[in-house]
Amino acid sequence: MTILLYDLAGADPAVRFSPNCWRVRMALLHKALDFETVPWRFTDKEAIAFSGQGAVPVIQDGAKVVHDSLAIAQHLEQAYGDEPTLFGGPAGEALTTFVRHWTLSILHPGVSKLILLDLFDALDERDKPYFRETREARFGAPLEQVADPSASSLEAFRGSLQPLRNTLREQPFLGGQSPLFPDYIVFGAFQWARAVSPLELLDADDPVYAWRERLLDSHDGAARQAPVHRPQRMTS
């Protein structure tokens with residue numbers, strides 16, 4: 001049976017930008033499972049009311065409904081244990097907790113600051129008032145004051161990647177010789193930016209850039225081939 005993934009979409013339903021949804025999409029590809037994506041937007045709360053909450057990712061796997069990217073990955077690992085592992089065992093699953101918290105506390109805020117206005121531009125018009133209201137309440141300031149795609153902000157973001165950079169100098173993936181779910185957690189943040197913004201987050205000689213390229217090419221290039229949005233303010 002085909003798994004359904006409810007996946008955050010922009011004004012163009014083909015543009016999928018959620019870092020959390022990209023984690024799940026890469027996990028499904030890693031497991032070589034049949035799945036379809038259902039485009040979902042911030043204001044489509046009723047479409048996933050069956051899941052008991054109001055955010056994606058959500059999957060329907062037969063009668064099983066799972067939300068939250070880590071819980072979904074854990075479900076896939078348990079339900080499809082004969083397919084390639086996402087964690088490499090209990091120790092890898094435990095270490096995934098650290099990668100997840102580092103990504104949420106360091107990587108996501110850094111990316112968000114750089115791409116915020118490009119992300120807003122990519123949203124469906126129905127979602128823009130909701131996004132502005134909820135994010136400005138979270139940030140305590142207008143989006144335009146929070147966003148900072150300046151050279152100095154980009155330099156600071158690149159500096160924050162040093163632990164990741166040092167690791168990837170010594171091995172091709174966070175999972176070692178092949179990617180595991182921690183790779184997909186981090187990769188989701190870079191695919192988030194790639195989907196909505198022309199800003200290049202990484203220098204071409206950065207080990208993190210080479211790692212991202214390997215993941216873009218993985219699974220028959222599914223992530224590389226994904227449609228992207230380019231802000232109209234950049235092309236006018």
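## Asp 68 and the β4–α2 loop

In this predicted model, Asp 68 is placed in the loop between β4 and α2. Although Asp 68 is not a glycine, its phi is positive, at about 80°, and its relative accessible area of 32% makes the residue partly exposed. The two elements on either side of this loop both take part in the arrangement described next: β4 covers residues 64–67, and helix α2 covers residues 69–79.

## The sheet and its strands

Four strands make up an open sheet with mixed pairing, and their order across the sheet is β2-β1-β3-β4. The edge positions are held by β2 and β4, each of which has a single partner strand, so one side of each is left without a neighbour in the sheet. On average, and with direction ignored, neighbouring strands of this sheet are turned by 20° against each other.

Strands of a sheet pair through backbone hydrogen bonds, in either a parallel or an antiparallel sense. Here β3 and β4 pair in the antiparallel sense, over 4 bridges, and within β4 it is Val 65 that stands opposite Gln 60. The hairpin formed by β3 and β4 has 2 residues between the strands, and in this hairpin Gly 62 takes a positive phi near 65°.

## Helices on the sheet

Two helices can be described in relation to the sheet. Helix α1, residues 19–30, lies across β1, β2 and β3 and runs at about 150° to β1. Helix α2 packs on the sheet as well, touching β1, β3 and β4, and its direction makes about 140° with that of β4.

Within the residue range given for α1, there is also a contact between a charge and a ring: the charged end of Arg 25 sits over the ring of Trp 22, at 4.7 Å from its centre.

## The loop between β2 and β3

The loop between β2 and β3 is the place of Pro 57, and the peptide bond leading from Val 56 to Pro 57 is cis, with omega near 15°. The loop between β2 (35–40) and β3 (58–61) also contains Phe 50, whose ring is paired with that of Tyr 6 in strand β1 (residues 3–8), so that the pair links parts of the chain 44 residues apart.

## Aromatic rings

The count of aromatic pairs in the model comes to 9. The pair of Tyr 6 and Phe 50 is tilted, with 5.4 Å from centre to centre and 55° between the planes. The two partners differ in their accessibility class, because Tyr 6 has a relative accessible area of 11% and is buried, whereas Phe 50, at 38%, is partly exposed.

Elsewhere, a single aromatic cluster is formed by Trp 40, Phe 42, Phe 120, Tyr 130 and Phe 131. A further charge is placed over an aromatic ring at Phe 173, where the charged end of Arg 214 lies 5.5 Å from the ring centre.

## Helices α8 and α9

Two packed helices are described by the angle between their axes and by the distance between the axes. For helix α8 (residues 181–196) and helix α9 (residues 207–225), the angle is about 85° and the axes are 11 Å apart; α8 and α9 are therefore roughly perpendicular to each other. On the α8 side the contact involves Asp 183, Tyr 184, Val 186, Phe 187, Phe 190, Gln 191 and Arg 194, which meet Val 208, Trp 211, Arg 212, Leu 215, Leu 216, His 219, Ala 223 and Arg 224 in α9.

Ala 189 is also found in helix α8, and its relative accessible area of 0% makes Ala 189 buried. With neighbours within four places in sequence left aside, Ala 189 is in contact with Pro 19, Leu 107, His 108 and Val 111. Val 15 lies 174 residues from Ala 189 along the chain, and the C-alpha atoms of the two are separated by 15 Å. In helix α9, by contrast, Asp 220 counts as exposed at 73% relative accessibility; Asp 220 has a positive phi of about 60° although it is not a glycine.

## Arg 165 in helix α7

Helix α7, residues 162–170, contains Arg 165, which counts as buried at a relative accessibility of 9%. Leaving aside neighbours within four places in sequence, the contacts of Arg 165 are with Arg 158, Asp 206, Pro 207 and Val 208. Val 208 is also among the residues of α9 that meet α8.

Definitions and conventions: Residues numbered from 1 in each chain as written. Predicted model: local features only at pLDDT ≥ 70, side-chain atom pairs only at ≥ 80, totals over all residues. Heavy atoms only, no water. Phe/Tyr/Trp six-rings, centres within 6.5 Å; stacked < 30°, edge-to-face > 60°. Buried < 20%, exposed > 50% of the residue type's maximum accessible area, 1.4 Å probe, protein only. Lys NZ or Arg CZ within 6 Å of the ring centre and 35° of its normal. Pairing = 2+ DSSP bridges. Axes fitted to C-alpha atoms, helices over the stretch in contact; angles between N-to-C directions. Contact = heavy atoms within 4.5 Å. Parallel < 35°, antiparallel > 145°, perpendicular 65-115°, else oblique.
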